[in-house]
Amino acid sequence: MALLDVERLRAYYMLRRGSVKAVDGIDMQIYEREIVGIVGESGCGKTTLARVLALDITPPLKLVDGRIVIDDIDVTQIPIPEARKRVSGTKVAIIPQAAMNALVPTLRVRDFIADVLKEKRGIEKKEAIELAKKRFEELNLPIRALDLYPFELSGGMRQRALIALATLLNPSILIADEPTSALDVSTQKTVLATLYEVYSKGFVKSIIFISHDIATVRQIATRIIVMYAGKIVEVGPTDEIIEKPLHPYTKLLMYSILTPEIQIRKRVDEVKHYRLVGEPPSLINPPQGCRFHPRCPFAMDICRKEELTMIEVEPRRYVSCWLYVKK
Ligand SMILES: Nc1ncnc2c1ncn2[C@@H]1O[C@H](COP(=O)(O)OP(=O)(O)OP(=O)(O)O)[C@@H](O)[C@H]1O
């Protein structure tokens, strides 16, 4: 039974010049005790998907179609503000991409926590600060950080504090959107370690980890979902996605991370003469057929005409590519 079950999800930015189809027909499941990485180039819809799953759906973003069931609650059947009240912080919590700005600069960390917990869950200040102290202790974070203003914390400490805060109420699913992208490599490691800690200590059941960088995702995720142009193109266990990518887009992404491991290089050797050139397409008028076809070195006629849904090529391995359809 999935913790999170998403069906036919469509969420568009409704602009005057057209709708940006940032999440366009997504089916996915997140199960208990897994860390799922969502990867793809900038602009492929990862942040939009994260926002929708966290029910942060404000204009111009609109939920156009589909169903989201979180821990048995079909949140798409309830008005969004009410759904948010029911699940935010307890079933699902998010560390947003602009996390550096997620804290309020004029509030000490503890006052920020108190405000958020009061507003979202009606928890009194004293109790909120006790909860925060306990969680900081459990995660070996310095409790004195609670008395500081955000600008007094280092980037890594701010990010780790946000992980602690997002998980205060032990949400079933934590969504972390590019939590390490603005940090240097050694700070990234400490932030990843804190994320792993909230998972291993059972403060969250599962994590969705979003990043454009497969190399980072690889360090923490047990399963990977690859997104391209508002759609999922491939899903599989991390090792298999890394060592045996199927979709040409995943292969080119893998090749571009220049891994030194010989087996991995060999497996993606078939794309060694190609590069991931150009940009992802406009999501106002995405290409017909497979959205990757204009950049795909292996595109066939059918790819330009017909869209394909996910096919299961092996147990737990899904890909959306005509190359894998048996003729
Ligand atoms: N507020 C907005 N209004 C209009 N279009 C938007 C808005 N936010 C994002 N988009 C568009 O939606 C598409 C998906 O963007 P999104 O930020 O979800 O992608 P992403 O994969 O998370 O990329 P990044 O890592 O750069 O955030 C892009 O075409 C983007 O330009």
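This report walks through a predicted model of a protein chain with a ligand, from its overall build to a few individual residues.

## Overall build

Let us start with the whole chain. The protein chain has 327 residues, and its secondary structure comes to 11 helices and 12 strands. Along the principal axes, the C-alpha trace spans about 65 × 45 × 40 Å. The radius of gyration is 20 Å, which agrees with the value near 20 Å that a compact globule of 327 residues would have.

Burial and contacts fill in this picture. Of the 327 residues, 44% count as buried. Among contacts in the protein chain with a separation of 6 or more, 62% are between residues 24 or more positions apart.

## The eight-stranded sheet

Next comes the sheet. Eight strands make up an open sheet with mixed pairing, and their order is β6-β7-β8-β3-β9-β10-β12-β11. At the edges are β6 (92-95) and β11 (311-314), each of which pairs on one side only. On average, neighbouring strands of this sheet are turned by 20° against each other, direction ignored.

Helix α1, residues 46-53, packs on the sheet. Which strands does helix α1 touch? The list is β3 (35-39), β6, β7 (173-177), β8 (206-211) and β9. The direction of α1 makes about 150° with that of β7.

## Strand β9 and its two partners

Strand β9 is a good place to look more closely, with β3 on one side and β10 on the other in the strand order. The pairing of β3 with β9 is parallel and runs over four bridges. Within it, Gly37 has Ile224 of β9 as its bridge partner.

Towards β10, the sense changes to antiparallel: β9 (residues 223-228) and β10 (residues 231-237) pair over six bridges. Here Ile225 stands opposite Val235 in β10. The two strands form a hairpin with two residues between them, and Ala229 in the turn has a positive phi of about 50°. Is β9 mostly covered or mostly open, and how many of its residues are buried? Strand β9 is mostly covered, with five of its six residues buried.

## Helix α9, a covered neighbour

Helix α9 (residues 248-256) is also mostly covered, as eight of its nine residues are buried. These are Pro248, Tyr249, Thr250, Lys251, Leu252, Leu253, Met254 and Tyr255. Lys251 is thus listed among the buried residues of α9.

What covers them? The cover includes α7 (214-220) and α8 (238-243), together with the strands β9 and β10. The β9-β10 hairpin therefore contributes both of its strands to the cover of α9.

## The ligand shell

Now to the ligand, which has 16 residues around it. Tyr13, Ser42, Lys46, Thr47 and Thr48 come nearest. By type, the shell divides into seven nonpolar residues, eight polar ones and one charged.

Three elements each supply at least two residues of this shell: β1 (4-15), β2 (18-30) and α1. Helix α1 gives the most, with three residues. This is the helix that packs on the sheet, so to speak with a place in both settings.

## The β11-β12 edge and Tyr324

At one edge of the sheet is β11. Three bridges join β11 to strand β12 (residues 317-319), and the two run antiparallel. Glu312 stands opposite Tyr318 in β12. These strands also form a hairpin with two residues between them, where Arg316 in the turn has a positive phi of about 65°.

Tyr324 lies in the segment after β12. Not counting residues up to four places away in sequence, Tyr324 touches Leu246, Ile311, Val313 and Val319. The C-alpha atoms of Tyr324 and Val313 are separated by 7.5 Å, with their positions 11 residues apart along the chain. Why does Tyr324 count as partly exposed? Because Tyr324 has 15 C-beta neighbours inside 10 Å.

## Pro59, an exposed loop residue

The last stop is Pro59, found in the loop between α1 and β4 (61-70). Pro59 counts as exposed because it has 7 C-beta neighbours inside 10 Å. Although Pro59 and Met14 are 45 residues apart along the chain, their C-alpha atoms are separated by 7.6 Å.

Note on methods: Residues are numbered from 1 along each chain as its sequence is written. This is a predicted model: local features need pLDDT of at least 70, side-chain atom pairs count only at pLDDT 80 or more; totals for chains, interfaces and linings use all residues. Two strands pair if DSSP finds at least two bridges between them. Axes are lines fitted to C-alpha atoms, for helices over the stretch in contact, and angles run from 0 to 180 degrees between N-to-C directions. Two residues are in contact if their C-beta atoms, placed from the backbone, lie within 7 Å. A residue is near a molecule or strand if its C-beta atom, placed from the backbone, lies within 6 Å of it. Ala, Val, Leu, Ile, Met, Phe, Trp, Tyr, Cys and Pro count as nonpolar, Asp, Glu, Lys and Arg as charged, and the others, Gly among them, as polar. A residue is buried if 20 or more other C-beta atoms lie within 10 Å of its own, exposed if 12 or fewer, and partly exposed in between; C-beta atoms are placed from the backbone. The radius of gyration is taken over C-alpha atoms; the globule rule is 2.2 Å times the number of residues to the power 0.38.
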